[in-house]
Number of protein chains: 2
Amino acid sequence: MTTKGKPLRRTKAEQREGTLAQILDAAEYLFGQRGLYGVTLKDVASLANVHTSLLHYYFADKKAMFDAVFARRAGVTAERRSVALDEYMAGRTDPPTVEGVLRAYLDTDLDLYMTGGEGWRNYAALGAQVAMAPEWGAKLFDTHFDPVVLKMIGLLKQALPDCPEEDIFWGYHFVTGVLVQTLARTGRIDVLSDGLCRSDDFSAIKARMARFLAFGFEGICQDRAAERNRLTN
Amino acid sequence: MTTKGKPLRRTKAEQREGTLAQILDAAEYLFGQRGLYGVTLKDVASLANVHTSLLHYYFADKKAMFDAVFARRAGVTAERRSVALDEYMAGRTDPPTVEGVLRAYLDTDLDLYMTGGEGWRNYAALGAQVAMAPEWGAKLFDTHFDPVVLKMIGLLKQALPDCPEEDIFWGYHFVTGVLVQTLARTGRIDVLSDGLCRSDDFSAIKARMARFLAFGFEGICQDRAAERNRLTN
DNA sequence: ATTATCTATAGATCTATAGATAATGC
DNA sequence: ATTATCTATAGATCTATAGATAATGC
């Protein structure tokens, strides 16, 4: 079995990298299924085919391992979305449109989960759980995603110059909800729709999400404009 | 201290009910903060001021306790929303509007969390965590909420007779996301908006949510109508 | 005479550490 | 000579149960 193509001898750096990836992949899957507290180090070790004590060699403790899992892909997706927003703006002289900004932001992310393989889908499910964890979850999101989110919100302000800042932030609140619900892939819509829709059909969701949300923004901003008119006249 | 107004002697049924409520309240708060796996029976017992073994007297195991916590309020909110939808339809001869249906459904629920006290807000946070749990979470939602959700979806179909069923289900998928994100109250929007918005300001959210989502539905249904026209002409 | 609550404890599991062994690195 | 991995185990914690005690119920 010692074919020339696959040398059994690996450099230590390679070995380290390989094992770490195995561990992080296993942890990512399990944490995505049951959350931080629903997974034991032993669970991760078994799935990763390493001994539990090795986890302590690589990570200070369980939370540090969890943070490493989250951080591994957080930077990648944040950067992709940031670049997509820049590219969207680079190609135009007109102010941005709400749907354009949302497409750059959301579709770019959905593409990643559609084409990035199982790892990215597991990460998505993990992200959904983190997003709903009040104690430490929001903090993780703040740390990794604030810059790109604020960049997007800045562009939405340009797209909706007459809309109060408050409404735009609430609109973003709704955007997160829709995205996070999608990333969770709980299978609930499958049951409700009796199989007509499947919660892992990101392609169907991509076809609707940005437009749905763009119309939503118009709705609450129109509302505000109307209210202001009512008060002024 | 044996004033006539507050007899120390309680009937067993009263005692049972009181203790159960203490236990369920404590469990509700803790599960809402850290999820099913992040809470131990000892945690619940300490907060409820009872001995851990008493939890085993009242519940078969931890999951049964969790289910009892969830079930206690699930029926109440489902029924309220169902009644609100009926009342909305009772008062009209025209077909329903999307925003009308969503207001009956969502505003009724938000009112409950706004006026129902701390217990209901803790339950909301718990619900948000359950909604993102792939293994057992979706199942709990199916059990308790399918009837009222399907009733609402039926009304949305009446409001949007030309919209494909598929789009309406996806629209509902987005509705859940927005509601669940709101119920979680993670404080993330507070940080992002630098205090301009607060995630526990359900009143501000109520003023925007139904309209935002109603416009979203119009958006994806218009889209579909346009697409059909394109294909037909 | 039944029901509610507490005491005591078994048995399993979980995290974490110390120290041994087996690889790669120079 | 350093780094990666495993063995063995301590100490804490967690769920669950058996059985005692203290209330209410007739």
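The paragraphs below lead through a predicted model, beginning with the contact between its protein chains and moving on to the nonpolar core and the two DNA strands.

Where chain B meets chain A, 62 residues of chain B are in contact with 62 residues of chain A. Between them the two chains bury about 6000 Å², and 67% of this area lies on carbon and sulfur atoms. On the side of chain B, the residues that lose the most area to chain A are B:Trp170, B:Arg208 and B:Phe212, which together account for 14% of what that side buries.

The interior of the protein can be approached through its largest nonpolar core, which has 162 residues, and in which A:Leu102 and B:Leu102 touch the most other members. In soluble globular proteins, nonpolar side chains tend to be buried together. When its neighbours within four places in sequence are set aside, A:Leu102 is in contact with A:Asp107, A:Met152, A:Val175, A:Ala210, A:Leu213, A:Ala214 and A:Phe217.

We turn now to DNA strand D, which has 19 residues around it, those that come nearest being A:Thr19, A:His51, A:Tyr57, A:Tyr58 and B:Thr11. Of the atoms of DNA strand D that come within 4 Å of the protein, 66% belong to sugar and phosphate. Phosphate oxygens of this strand take part in several polar contacts: a polar side-chain atom of A:Tyr57 lies 2.4 Å from one, an N or O atom in the side chain of B:Thr11 is 2.6 Å from a phosphate oxygen, and for a polar side-chain atom of B:Lys62 the distance is 3.4 Å. Helix H1 (12-34) and helix H3 (52-58) of chain A, along with helix H3 (52-58) of chain B, each supply at least two residues of the surface near DNA strand D. That surface comprises 4 nonpolar, 8 polar and 7 charged residues.

DNA strand C likewise has 19 residues around it, and here A:Thr11, B:Thr19, B:His51, B:Tyr57 and B:Tyr58 come nearest. Sugar or phosphate contributes 68% of the atoms of DNA strand C within 4 Å of the protein, while the rest belong to bases. Backbone atoms of chain A approach phosphate oxygens of this strand, with a backbone N or O atom of A:Lys12 at 3.1 Å and a polar backbone atom of A:Leu41 at 2.9 Å, whereas A:His56 places an N or O atom of its side chain 3.3 Å from a phosphate oxygen. The surface near DNA strand C draws at least two residues from each of H3 of chain A, helix H1 (12-34) of chain B and H3 of chain B, and its residues divide into 4 nonpolar, 8 polar and 7 charged.

Notes:
Residues are numbered from 1 along each chain as its sequence is written. Chains are lettered from A and ligands numbered from 1 in the order in which they are written. This is a predicted model: local features need pLDDT of at least 70, side-chain atom pairs count only at pLDDT 80 or more; totals for chains, interfaces and linings use all residues. Side-chain values use heavy atoms; hydrogens and water are left out. A nonpolar core is a set of buried Ala, Val, Leu, Ile, Met, Phe, Trp, Tyr and Cys residues joined through side-chain atoms within 4.5 Å. Buried means under 20% relative accessible area, exposed over 50%, partly exposed in between (1.4 Å probe, protein chains only). Contact means heavy atoms within 4.5 Å. A residue is near a molecule or strand if one of its heavy atoms lies within 4 Å of it. A polar contact is a pair of N or O atoms within 3.5 Å; within protein, one must be able to donate a hydrogen and the other to accept it, and residues adjacent in sequence count only if both atoms are side-chain atoms. Helices (H or I, at least four residues) and strands (E, at least two) are DSSP runs, numbered from the N terminus. Ala, Val, Leu, Ile, Met, Phe, Trp, Tyr, Cys and Pro count as nonpolar, Asp, Glu, Lys and Arg as charged, and the others, Gly among them, as polar. Buried area is the accessible area (1.4 Å probe) that two parts lose on being put together, summed over both.
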